[in-house]
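Me: I've got a protein model open and I'd like a close look at one part of it. Could you take me through the second largest pocket and what sits around it?

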Amino acid sequence: MKLATWNVNSIRARLARLLAWLEKHQPDVLCLQELKVQDEGFPFEALAAAGWQAAVHGQPTYNGVAILSRQPLEDVRRGLDDEVDDLQARLISARVGDLTVLSAYVPNGHEVGSDKWDYKLAWLKRLRRHLEKHHRPEEPLALCGDFNVAPEARDVCDPARWEPTVLYHPQARAALAELASWGLQDAFRLHHQEGGLYSWWDYRMLAFPKNQGLRIDHVLVTAPLARRCRAARIDRDERKGQQPSDHAPVVVELD
DNA sequence: ATGGTTGCTTAGCAA
């Protein structure tokens, strides 16, 4: 089966590209982030007409996550389900057959030291607690999404320049590593060791043509799923052409 | 140091 994740940066602005991408690549499951729409505005009909089920956790203007699937989505859960009063729609999970899938949009964090930065680090801790509460590392599970963290130097075009920023700060990397230590492996790094392979490029400063990007979108898998992982890639081509998202899809193939 | 771009919503925020 084919499992993918993609920060679309507004599902309404990206609907034509999304439908074309689904038609071309035929994933079994696609996790989406940054829908920037509330549930009422989600394009359920257009996706259903193309044969896709959708579990959606929307929000006006900001954030919003979803899971698309050819097969029925069961046990859908929205949000982190903890004691924090949080209106930001950044997590949705569902079961597809024997596979548990989570679509996460980790906070960007704006600037190191800001309130948003504190929220980002706290959110990653809350996500780990969510996994501890609802799941087990022994089950086939994929945590997919925009983590807004590049794990290692090889995931960053210019590590020295990015190290003081929220996307590659040591504290952000430590928070991601602490999350993964629950029992998750980076599916992309099971199949590729080289640097220079990114999933996000800023719209500004010609970052994409210069390949000044970061690998911040990930598919993290538990050990039983890692054993079934046959291939992984970033669909860099989707960042090209008219009105692309600033993120490229990440695709994983599983037995 | 600043500015560069995009999207939502319409001046400013978020990324």
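Reply: Let's start with the lining. Helix α5 gives the largest share of the lining of the second largest pocket, namely four residues. Keep in mind that this is a predicted model.

Other elements join in too. At least two lining residues each come from α5 (170-180), β9 (185-186) and β12 (217-221). Altogether 13 residues line this pocket, and the ones nearest its centre are Pro151, Leu176, Ala180, Asp186 and Leu220. If you sort the lining by class, you get six nonpolar, two polar and five charged residues. The space inside comes to about 170 Å³.

Now zoom in on β12. Is this strand enclosed or open? Five of its five residues are buried, so β12 is largely enclosed by the rest of the structure. Here's a handy rule: in a regular strand, side chains alternate between the two faces of the sheet. You can follow that along β12, where Asp217, Val219 and Val221 point one way, while His218 and Leu220 point the other way. Both sets are buried. Leu220 should ring a bell, as it is one of the residues nearest the centre of the pocket.

Which strands does β12 pair with? One is β8 (residues 141-146), which runs antiparallel to β12 and is joined to it by five bridges. To find this pairing on your screen, look for Cys144, which stands opposite Val219 in β12. Another partner is β9, also antiparallel to β12, with two bridges between them. Here the spot to look for is Gln185, which stands opposite Val221 in β12. Remember that β9 and β12 each supply at least two residues to the pocket lining, so to speak a pair of neighbours sharing a wall.For contrast, turn to the largest pocket. Its volume is about 810 Å³. It is lined by 32 residues, and the closest to its centre are Tyr105, Asn108, His110, Asn148 and Trp200. Two elements give two or more residues to that lining: α3 (115-134) and α4 (159-162). By class, the lining has eleven nonpolar, eleven polar and ten charged residues.

While you have the model open, have a look at the aromatic rings as well. A pair of such rings is described by the distance of the centres and the angle of the planes. There are four aromatic pairs in the structure. In one of them, the ring centres of Trp6 and Trp21 are 5.8 Å apart and the planes sit at 45°, so the pair is tilted. This pair links distant parts of the chain, with Trp6 in strand β1 (residues 2-7) and Trp21 in helix α1 (residues 15-25), 15 residues apart. Trp6 is buried, at 0% relative accessibility, and Trp21 is buried too, at 2%. Phe42 and Phe44 also form a tilted pair, with 4.7 Å from centre to centre and 55° between the planes. Phe42 counts as buried at 3% relative accessibility, whereas Phe44 is partly exposed at 33%.

Finally, two arginines sit over rings. Arg173 lies over the face of Tyr168, 4.0 Å from the ring centre, and Arg70 lies over the face of Trp52, at 3.8 Å from the ring centre.

Conventions:
Residues numbered from 1 in each chain as written. Chains lettered and ligands numbered in written order. Predicted model: local features only at pLDDT ≥ 70, side-chain atom pairs only at ≥ 80, totals over all residues. Heavy atoms only, no water. 1 Å grid on protein atoms, 1.4 Å probe; cavity = no way out; pocket = protein on both sides within 12 Å on 5 of 7 lines; lining within 4 Å. Points joined across faces, edges and corners; volume = space filled by probe spheres on them. Nonpolar A, V, L, I, M, F, W, Y, C, P; charged D, E, K, R; others polar. Phe/Tyr/Trp six-rings, centres within 6.5 Å; stacked < 30°, edge-to-face > 60°. Buried < 20%, exposed > 50% of the residue type's maximum accessible area, 1.4 Å probe, protein only. Lys NZ or Arg CZ within 6 Å of the ring centre and 35° of its normal. Pairing = 2+ DSSP bridges.
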